Amino acid sequence: MTVSDLVSEEVQPSPTPSPPRPVAGLAVTGLLLSLVGIAMMVGAAIRLRDYNSGGIVSTVVGAAFVVASLYPLWPTFLSFGASRERATLLRDDRLVPARRSAAAGREEAQIAMGYAAAAIIVAGLLLMAFANAGGIAHTFFTSSAWRASFPEMIRAFWINIWVAAVAQVLVLVFGLLLAIMRMLPGRAGAPLRLIALVYCDIFRAIPAIVTILLIVFGTPLAFPTTSNWPTVWLGILALTMTYSAYVAEVYRAGLASIHPSQGAAARSLGLSYTQTLRTVLVPQAVRRVIPPLLNDFISLQKDTALLSTAAIAEVVLTSTLWQAQLFNLSPVTLAAAFFIIITIPQARFADYLIDRDAARRAGK
C-alpha cells in the first residue's frame, strides 16, 4: 500500500452542507406586523380627522400616514418571493444560490418588521393622543394657546439663549483656570490644587437649582451693594459656578490624555511651565475635549430653565404664567419645543465631531 492510498483511506469524507434556514416564518411575521400597523394607522387617521371635525388638513395628514404605513408590505412580498426561490433552488440541488436567496429574503423580512414596528409605535402614539375625545391633544397641543402665547414666549426664550451664551464663555475661562490649578506641579501648587479640588467636589455635589437659589436670593442679603444688580446676572453667576466644576474635569481629562513626553520635550527646549501650557498642552487638550464640552453646554442650555425658580422671566416661567391664565399646558409644551429646536442641532453637531475625531484617530 502506497502512502497516497493510505492517506486517501484515512481522509474523512466532507460533511454534507446544511440547507439554508427557511424564510417563510419571518415573512409571515413581517406580514402580520404590517397588517397590524396598517389597521392601527387607519384608526389613528380616523381619530385625527374626527378630532378636527373633518378638516381638510387633518384628513390629508391622516391619509399620508396611512399611505406611509403601507410601505412594509413591499419588502414582505419580496421576502415571500425569496422564500419560493429558495425552495426551487433547493429542489434543483443548487445550494449556494439558495443560500443567497434565503439571506436576501431574511433581510427583506427584517426590513418589513422594522418599518411595521415603527408604524405601530407612531399609530399607538396618535391613538393615545386622541383618546378620551382628544383629551391629551387638547391639554398639550392646543394651537389657539400656542398662537396666543407665542409672541411673549419667544421674547422670553431670548433670555435663555443669551444667558446660556454668556455663561458658556465664562465657564470656558473659569473651568480652564480650575483645571490648570488642579494640575499645578510640586509642593508650591499643593494649596491651589486643594482649593480647586474642594471647589469641584462641592459644586458637582450641589444641585444647580440649589446654587441658583443661594446666589440669586442670598447674594443681595449678604452683600447689600448687589441688591440693585439685575437678577439675571446673578443667575448667570450661579450657572457659571456650577458648570465650571464640570468643565474643569473635562479640561483636566484632556490635559491628562496628552503624553507626558510632550511636556518634557517642551521644558527641555527652555519653555517655562506657563509657556508649555499655553503653546503645547492647552491647544491639544482643547481640540480633544470639544465634543464633551458641547455636551456640557447642551445641559447648560437646558438648565437655564431653572432660573424660573428665582422669578427670572425666562421662557419656562412665562409658559407657566400662560398656563395658569389659559388653564391649559400647551404653552409649556411650546417651551419644550423651543428647547428641542435649539438643542437637537447641537447634539447632532457634537455627534459629528465625535465621529470625525474617531475617524481621524483611526487614520481614515
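Which helix holds Thr242? Thr242 is found in helix 10. The legends below concern a predicted model.

**View 1. Thr242 in helix 10.**
Thr242 is buried, with a relative accessible area of 2%. Beyond its neighbours within four places in sequence, Thr242 is in contact with Phe203, Ala208 and Thr211. Ala208 and Thr211 recur in View 2, among the helix 9 residues that meet helix 10.

**View 2. The crossing of helix 9 and helix 10.**
Helix 9 covers residues 208–222, and helix 10 covers residues 231–256. Their axes come within 9 Å and cross at roughly 135°. Helix 9 and helix 10 are therefore oblique to each other. Helix 9 passes helix 10 in a right-handed crossing. From helix 9, the contact takes in Ala208, Thr211, Ile212, Ile215, Val216, Thr219 and Pro220. Facing them in helix 10 are Thr231, Leu234, Gly235, Leu237, Ala238, Leu239, Met241 and Thr242. The residues of this contact divide into 10 nonpolar, 5 polar and no charged.

**View 3. The largest nonpolar core, with Ile212 and Leu239.**
This core has 32 residues. Of these, Ile212 and Leu239 touch the most other members. Helix 7 (143–182), helix 8, helix 9, helix 10 and helix 12 each give two or more residues to the core. Helix 10 supplies the largest share, 12 residues. Apart from this core lies another, of 11 residues, among them Ala44, Ala119, Ala129 and Ala137.

**View 4. Ile212 and its contacts.**
Which residues does Ile212 touch, not counting residues up to four places away in sequence? They are Phe217, Ala238, Leu239, Leu306, Leu307, Thr309 and Ala310. Ala238 and Leu239 also appear in View 2, on the helix 10 side of the contact with helix 9. Leu239 shares with Ile212 the distinction of touching the most other members of the largest nonpolar core.

**View 5. Cys200 in helix 8.**
Helix 8 spans residues 190–205. Is Cys200 buried or exposed? Cys200 is buried, with a relative accessible area of 0%. That value falls under the 20% cut-off, so Cys200 counts as buried. Leaving aside neighbours within four places in sequence, Cys200 is in contact with Arg182, Ala245, Ala248 and Glu249. Tyr243 is 43 residues from Cys200 in sequence. In space the two are 9.4 Å apart, C-alpha to C-alpha.

**View 6. The crossing of helix 12 and helix 14.**
Helix 12 runs over residues 273–303, and helix 14 over residues 330–361. The two axes come within 9 Å and cross at roughly 170°. That makes helix 12 roughly antiparallel to helix 14. The crossing is left-handed. Helix 12 contributes Arg288, Ile290, Pro291, Leu294, Asn295, Ile298, Gln301 and Lys302. Helix 14 meets them with Phe339, Ile342, Thr343, Gln346, Ala347, Phe349, Ala350, Leu353, Ile354 and Arg361. The residues of the contact divide into 11 nonpolar, 4 polar and 3 charged.

**View 7. Thr343 in helix 14.**
At 11% relative accessibility, Thr343 counts as buried. Thr343 touches Ile298, Gln301 and Lys302, not counting residues up to four places away in sequence. Ile298, Gln301 and Lys302 belong to the helix 12 side of the contact in View 6.

**View 8. Met113 in helix 5.**
Helix 5 comprises residues 95–129. Met113 is buried, with a relative accessible area of 18%. The cut-off for buried is under 20%, so Met113 falls within it. Leaving aside neighbours within four places in sequence, Met113 is in contact with Leu26, Thr29, Gly30 and Leu33. Val282 lies 169 residues from Met113 along the chain. The C-alpha atoms of Met113 and Val282 are separated by 50 Å.

**View 9. Ala311 and Phe327, two residues with positive phi.**
Ala311 is not a glycine, yet has a positive phi of about 60°. Where does Ala311 lie? Ala311 is in the loop between helix 12 and helix 13 (315–326). Ala311 is exposed, with a relative accessible area of 61%. Phe327 is not a glycine either, and has a positive phi of about 55°. Phe327 lies in the loop between helix 13 and helix 14. Phe327 is exposed, with a relative accessible area of 76%.

How values were computed:
Residues numbered from 1 in each chain as written. Predicted model: local features only at pLDDT ≥ 70, side-chain atom pairs only at ≥ 80, totals over all residues. Heavy atoms only, no water. Helix = DSSP H or I, 4+ residues; strand = E, 2+ residues; numbered from the N terminus. Buried < 20%, exposed > 50% of the residue type's maximum accessible area, 1.4 Å probe, protein only. Contact = heavy atoms within 4.5 Å. Axes fitted to C-alpha atoms, helices over the stretch in contact; angles between N-to-C directions. Parallel < 35°, antiparallel > 145°, perpendicular 65-115°, else oblique. Left-handed = near helix turned anticlockwise from the far one by under 90°. Nonpolar A, V, L, I, M, F, W, Y, C, P; charged D, E, K, R; others polar. Core = buried A, V, L, I, M, F, W, Y, C linked by side-chain atoms within 4.5 Å.
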